Amino acid sequence: MEMEATNSRKISGFALYRLPYAQECCIVAQTKGKPERLFSTSALGGRSGFVVAPFKPDMRHPVLLLQPDVTMTASPDDLLVSDGSPLAGLLERLAENTFDRPSDEPVRDTDKRHYDIDFANFHSHILEGEFTKIVLARCSREERPDAITPIQLFVKACELYPRMFVALVSTKVSGTWLMATPEVLLQGDGKRWMTMSLAGTMNLTGKLLDFDNPPSPGKPVDDSEIGWSIKNIQEQRFVSTYITECLEQYASDIVEKGPFTMRAGDLVHLRSDFEFSLPDDNCIGDLINTLYPTPAVCGLPKESSLDFIVANEFAPRLYYSGFVGPLGMDGHTHLYVSLRCMRVDSDGYSLYAGGGLLADSNMDAEWMETEFKMDTMRKLLKTQ
């Protein structure tokens, strides 16, 4: 990294990210030009850079592809040191170029009343047979503690969630987003690739997130002690079947492993891994476009549920439940679905979470599931 050559250039976008279990994080920033705007995930084929993708690309919320010309690695703890070093100088510039939400971007808070209305609307279309499954998301607006900076939040997330992909991304178009997500969309090294099916949610006590049997604090349990409900098992199977059908269009030598229980913060999920080969790496954009959005964040059938969500959810998802990560950088790809995330604004935080609805879903249980998921980000906002 040539710090002196880039010190006079304004940063047009940056990302800090740490892969699961990694000891170091990566800092990437673009000072030459602006992040490229793409309007289809298939346009990512044959490209490389750092990707910031929305739930559904449109003119206001395009897929953003950063072309970093400034890169650095450091331990998360090093990000808190102010010692006049090149790293400290870069972090100071990032802080100065952290973007607020676009001025015309709405701030929506999905309270219980609005969620109840959305649930009734979404669920009725399942009962009528229009959807097999559909994901309902909501937003919760939280006050911003003045003492916490976005970089400090990133460091805290790295400390609390070593098993997750943690990222802080900021561009003028997207604003600033922080996430600690467990779900891989696509990763590989050009030879072997993998994706996953992640669905179903319980807390670590092993008690199902049912309204009639709410979870309580307790000792974590072994995988063998967790009793998954039929609803959770069915939901995960829908996603796994969908991913298999998508991969069969492009991949060879597909191996499915699972399902097994995966921990993500204070929650556990059902997960299956899919490993495969791609005869032609140039099809990556088309594969992503076929895979995404998966039923884990959207629904079945894909296109009609996607359109219904965009038209009917009270709070627009924006870049929540999209995906982020390095694409083909140094020959490696690590794209993660943007879950357990929040938008960081100058005047507060917008936390997002969702849950998959099936015919037997219960409104209060689904609300409670989103509350547990939002706690992943709420823990970062506690100053104590």
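The following exercises, with worked solutions, concern a predicted model.

**Exercise 1. Helix spans**

Task: Determine what span helix α8 should have at 1.5 Å a residue, and state how far apart its end C-alpha atoms are. Then treat α5 in the same way.

Solution:
- Step 1. Helix α8 covers residues 363–381, that is, 19 residues.
- Step 2. The expected span is 1.5 Å times one less than the number of residues, so α8 should span 27 Å.
- Step 3. The end C-alpha atoms of α8 are 27 Å apart, which agrees with the expected value.
- Step 4. Helix α5 has 18 residues, for which 26 Å is expected; the stretch from its first C-alpha to its last is 26 Å, close to that expectation.

**Exercise 2. Details of α8**

Task: Identify where α8 bends and which residue caps its N-terminal end.

Solution:
- Step 1. The bend in α8 is found at Asp 375 and amounts to about 40°.
- Step 2. The N-terminal cap is Asn 362, which has a side-chain oxygen 3.0 Å from the backbone nitrogen of Asp 364.

**Exercise 3. The nine-stranded sheet**

Task: Give the order of the nine strands in the open sheet, name its edge strands, and describe how β8 and β9 pair.

Solution:
- Step 1. The strands follow the order β6-β2-β1-β8-β9-β17-β18-β7-β14, with antiparallel pairing.
- Step 2. Strands β6 (70–74) and β14 (299–300) are the edges, since each of them pairs on one side only.
- Step 3. Seven bridges connect β8 (residues 165–171) with β9 (residues 175–181) in the antiparallel sense.
- Step 4. Within this part of the structure, Ala 167 faces Met 179 in β9.
- Step 5. Helix α5 (residues 230–247) lies across β7, β14 and β18, and runs at about 105° to β7.
- Step 6. Among the buried residues of α5 are Val 239, Tyr 242, Ile 243 and Leu 247.

**Exercise 4. Strand β5 and its partners**

Task: Establish which residues of β5 are buried on each side, and which strands pair with β5.

Solution:
- Step 1. In a regular strand the side chains alternate between the two faces of the sheet.
- Step 2. In β5 (residues 63–66), Val 63 and Leu 65 lie on one side, and Leu 64 and Leu 66 on the other.
- Step 3. These four residues are all buried, so both faces of the strand are covered.
- Step 4. Strand β3 (residues 36–38) pairs with β5 through three bridges in the antiparallel sense, and Leu 38 has Val 63 as its bridge partner.
- Step 5. Strand β4 (residues 49–53) is also antiparallel to β5, again with three bridges; here Val 51 stands opposite Leu 65.

**Exercise 5. Classifying three residues**

Task: Decide whether His 114, Pro 106 and Ser 252 are buried or partly exposed, and list contacts beyond four places in sequence for each.

Solution:
- Step 1. A residue is buried under 20% relative accessible area and exposed over 50%, with partly exposed in between.
- Step 2. His 114, in helix α3, has 18% relative accessibility and is therefore buried. Its contacts are Asp 109 and Phe 314.
- Step 3. Pro 106, in the loop between α2 and α3, has 31% and is therefore partly exposed. Its contacts are Arg 60, Pro 316 and Arg 343. Pro 106 and Pro 316 are 210 residues apart in sequence, yet 8.4 Å apart from C-alpha to C-alpha.
- Step 4. Ser 252, in strand β12, has 32% and is therefore partly exposed. Its contacts are Arg 192, Phe 276, Ser 277 and Pro 279.

Methods. Residues numbered from 1 in each chain as written. Predicted model: local features only at pLDDT ≥ 70, side-chain atom pairs only at ≥ 80, totals over all residues. Heavy atoms only, no water. Helix = DSSP H or I, 4+ residues; strand = E, 2+ residues; numbered from the N terminus. Bend = angle between axes of the 7 residues up to and from the residue. Polar contact = N/O pair within 3.5 Å; in protein donor to acceptor, adjacent residues only side chain to side chain. Pairing = 2+ DSSP bridges. Contact = heavy atoms within 4.5 Å. Axes fitted to C-alpha atoms, helices over the stretch in contact; angles between N-to-C directions. Buried < 20%, exposed > 50% of the residue type's maximum accessible area, 1.4 Å probe, protein only.
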